[in-house]
Amino acid sequence: MKLFAVCCLLATGLVLPSAARACNVDAGYRQMYNLDFPGAHQTFLQCESERQGDPLPHVSNAAAYLFSEFDRLHILEVELFTDDSRFDARNKLKPDLAVRDAFMAELAQVEALTQPVLASNPNERDALLAQVLANGLRSDYAAMIEKRNIASLGYMKTSRKLAQHLLELDPSCYDAYLAVGIENYLLGVTPAPVRWFLRLGGAETDKDAGEARLRLTAAHGRYLAPFARLLLAVAALRDHDRATARSLLAGLSSEFPNNQLYGRELARIPQ
């Protein structure tokens, strides 16, 4: 289901701690948004080497692998998420097996590093961040590449619960609002019977609250602000607000000139 898949996209929006910032993880994310995946991998691998035992460089490198597949397979095209029939008719995609193996290996390393920490201290923020990211990435891969929507929903639910716990510990973690906000908004636009079913599983389905949280990430997030702006552009197009969508996409195109996705999607919007 389209909404389940999009909801999972970027629960990856969490603030990385000061230790990871010293390794220039933020630069790696900007390289990723600019489609410089070799550069992003090099940056994240350097962080892995410098920060032995820190799970965040590993999950960030996994994100770069996932986004490289999204780019190769044209998954993030806005039209795919605004045209329900096109999304529902999409085929199961053929993954790059080498990328899949590298992606899974990084996530396995995240699990090995975070599980013992959280077992002894469930409030350890670095480990929580990495787990939210990892579950969001697994959800993205399952939904968007493997077309396993039920499995994707399970990972999304776990990611959202962890994000809520993290926000209780630190409400100023603005990127974390993406993980909860996207669920609220995108599940909030599903038909009423579906919303009722999702609420039984603990999902939040308030469209307006979700959009407000996405705006928090777009305005104040350090790492996922660009992705939040893309999602807000999708939301604007679904609401037939072309002016807002054009403004958001124009800003992204200017900020990340090597990412042709933004310019292509901007050109598709009628004046």
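# Exercises on an all-helix count

The protein chain has 16 helices and 0 strands; helices (H or I, at least four residues) and strands (E, at least two) are DSSP runs, numbered from the N terminus. This is a predicted model: local features need pLDDT of at least 70, side-chain atom pairs count only at pLDDT 80 or more, and totals for chains, interfaces and linings use all residues. Residues are numbered from 1 along each chain as its sequence is written, and side-chain values use heavy atoms, with hydrogens and water left out.

## Exercise 1. The chain overall

Task: state what share of the protein chain is buried, and what its contacts join.

Solution.
- Fix the term: buried means under 20% relative accessible area, exposed over 50%, partly exposed in between (1.4 Å probe, protein chains only).
- Apply it: 52% of the 271 residues count as buried.
- Turn to contacts (heavy atoms within 4.5 Å). Of those between residues at least 6 apart in sequence, 69% join residues at least 24 apart.
- Add the surface: the accessible area is about 11,500 Å², and carbon and sulfur atoms hold 52% of it. The Shrake-Rupley method with a 1.4 Å probe gives accessible areas; for residues, only the protein chains shown count as cover.

## Exercise 2. Two sides of α16

Task: find which residues of α16 are buried, and which are exposed on the other side.

Solution.
- Helix α16 spans residues 260-268; Leu 261, Tyr 262, Glu 265 and Leu 266 are buried there.
- These four cover an arc of only 130° around the axis, so they sit on the same side of α16. The arc is that of the directions from the helix axis to the C-beta atoms.
- The general rule: an α-helix has 3.6 residues a turn, so residues three or four places apart point the same way.
- On the other side of α16, Gln 260 and Ala 267 are exposed.
- Check the N-terminal end: Asn 259 caps it, with a side-chain oxygen 3.0 Å from the backbone nitrogen of Leu 261.

## Exercise 3. The core

Task: name the residues with the most contacts inside the largest nonpolar core.

Solution.
- Define the set: a nonpolar core is a set of buried Ala, Val, Leu, Ile, Met, Phe, Trp, Tyr and Cys residues joined through side-chain atoms within 4.5 Å.
- The largest one has 68 residues, and the most contacts inside it belong to Met 32, Val 59, Phe 103, Leu 137, Phe 227, Leu 249 and Tyr 262.
- Helix α9 (residues 125-145) gives the largest share of this core, 12 residues.
- Take Met 32: not counting residues up to four places away in sequence, Met 32 touches Phe 37, Ala 40, Ala 63, Ala 64 and Phe 67.

## Exercise 4. His 41 and Asp 170

Task: place His 41 and Asp 170, and give the polar contact of each side chain.

Solution.
- His 41 is in helix α4 (residues 37-50). At 14% relative accessibility, His 41 is buried.
- The side chains of His 41 and Asn 61 form a polar contact of 2.6 Å. Such a contact is a pair of N or O atoms within 3.5 Å; within protein, one must be able to donate a hydrogen and the other to accept it, and residues adjacent in sequence count only if both atoms are side-chain atoms.
- Asp 170 is in the loop between α10 (149-169) and α11 (177-188). Its relative accessible area is 23%, so Asp 170 is partly exposed.
- The side chains of Asp 170 and Ser 172 form a polar contact of 2.6 Å.
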